[in-house]
Amino acid sequence: MQEIAVVLAGDKFDPNVHVKQIYKRLHRYCTDFRLTVFTDQQINIDEVRTIPLPQWDLNPRGLWWYKIYMFGPHSWTGPVLYMDLDTILIGNIDKFWDYEPNKFCICQDFNRQFIDTYPVSNSSVIRFDPAKYTDIYNTFVENPQKIIRQYRGDQDYITAYFKERNDKQWWPKEWAMSYKWEIKHGGTRVGGLDVKYPDDYIQPDLPEFIPEPCSIVVFHGKPDPYETEFGKRYLND
C-alpha cells in the first residue's frame with residue numbers, strides 16, 4: 001500500500017473540492033494507496049484517514065508550517081508521498097516511490113527555471129521514510145517560534161536541515177513541474193528573478209508545454225488551479 005499525505009489547514013482549500021479532487025485522481029494515477037489528511041476540518045470521504053492538526057501558534061499566512069507535523073509519529077506502513085493540495089495529478093505517480101528509495105526526495109525550487117543551480121528545495125512534492133526523519137519534527141517542536149523567526153517557511157527549514165547531509169535528492173525536473181513558470185505558454189519566460197508574474201513570456205501565444213514524464217503539475221502561489229482553463233480541464237475530466 002502506498003502512503004500519501006496532504007495538509008488541509010485554514011480556509012484556503014475546501015475539503016469538498018480540493019481533497020476530493022486529489023482523492024479522485026489518486027484512484028486513476030496510483031496503485032493501492034491510503035490517503036491521510038492532516039487537518040483542522042471535517043473530512044467526509046470514506047477510506048481517508050484524518051489526523052487532527054496540533055494547536056500551534058501560527059500566523060494565518062504561515063500555515064505551511066503544519067507540514068512539519070507529518071514528520072512526527074503517525075503509524076505509517078512505509079514511505080510517504082506528500083503533495084500540496086494545489087497540485088494536479090496528470091499521470092501515473094507510482095514512480096515517485098521507486099526513485100532513489102533510500103533518500104529524502106523533494107522538488108528543487110521552481111526558481112530553477114531562471115537559475116539552474118538554485119539551491120533551495122520546494123516542498124510541494126516530498127517522499128520520505130518516516131522512520132528516518134522524525135528529527136525534522138522533533139527539532140521544530142523543541143522551539144517552534146525560534147525556527148519560524150529564523151526561516152521564511154518550511155521549505156527553507158528543510159533546505160537547511162539537509163545542507164550537511166547527503167541523503168536528499170531532487171526529483172527529476174520533468175516529473176513535477178510549475179504551471180506558471182514551466183508549463184504555461186510553453187514555459188518560455190523572460191529570465192531573471194525580478195520578473196513579475198504573470199505576463200513576461202517570450203512567446204505568450206505558445207500552447208502549454210507538458211513533457212511526457214510530467215505526472216504532477218504544481219500551482220505554487222497564484223493562480224490557483226480552478227482559476228485557470230488548464231486546471232478546469234484536468235479537474236473536470
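Reader: Which residue of S7 is the bridge partner of Met83?

Author: In this predicted model, strand S4, residues 80-83, pairs with S7 in the antiparallel sense. The pairing extends over 4 bridges. In S7, the partner of Met83 is Val125.

Reader: Which residue in S7 does Cys105 stand opposite?

Author: Strand S6 covers residues 104-108 and is joined to S7 by 4 bridges. The two strands run antiparallel. The residue of S7 that stands opposite Cys105 is Arg127.

Reader: How many of the 8 residues of strand S7 are buried?

Author: Strand S7 comprises residues 121-128. Buried here means under 20% relative accessible area. The strand is largely enclosed by the rest of the structure, because the number of its residues that are buried is 8 of the 8.

Reader: Within what arc do the buried residues of H3 fall, seen down its axis?

Author: In helix H3, residues 134-142, the buried residues are Ile136, Tyr137 and Phe140. These residues line one face of the helix, because they fall within an arc of 90°.

Reader: What covers the buried residues of H3?

Author: Ile136, Tyr137 and Phe140 are the residues in question. Their cover includes strand S6 as well as two helices, H4 (144-150) and H5 (154-161).

Reader: What radius of gyration does the chain have, and why does it agree with a compact globule?

Author: Buried residues make up 55% of the chain. A compact globule of 237 residues would have a radius of gyration near 18 Å, so the chain agrees with this expectation at 17 Å.

Notes
Residues numbered from 1 in each chain as written. Predicted model: local features only at pLDDT ≥ 70, side-chain atom pairs only at ≥ 80, totals over all residues. Heavy atoms only, no water. Buried < 20%, exposed > 50% of the residue type's maximum accessible area, 1.4 Å probe, protein only. Pairing = 2+ DSSP bridges. Arc of directions from axis to C-beta. Contact = heavy atoms within 4.5 Å. Rg over C-alpha atoms; globule rule 2.2 N^0.38 Å.
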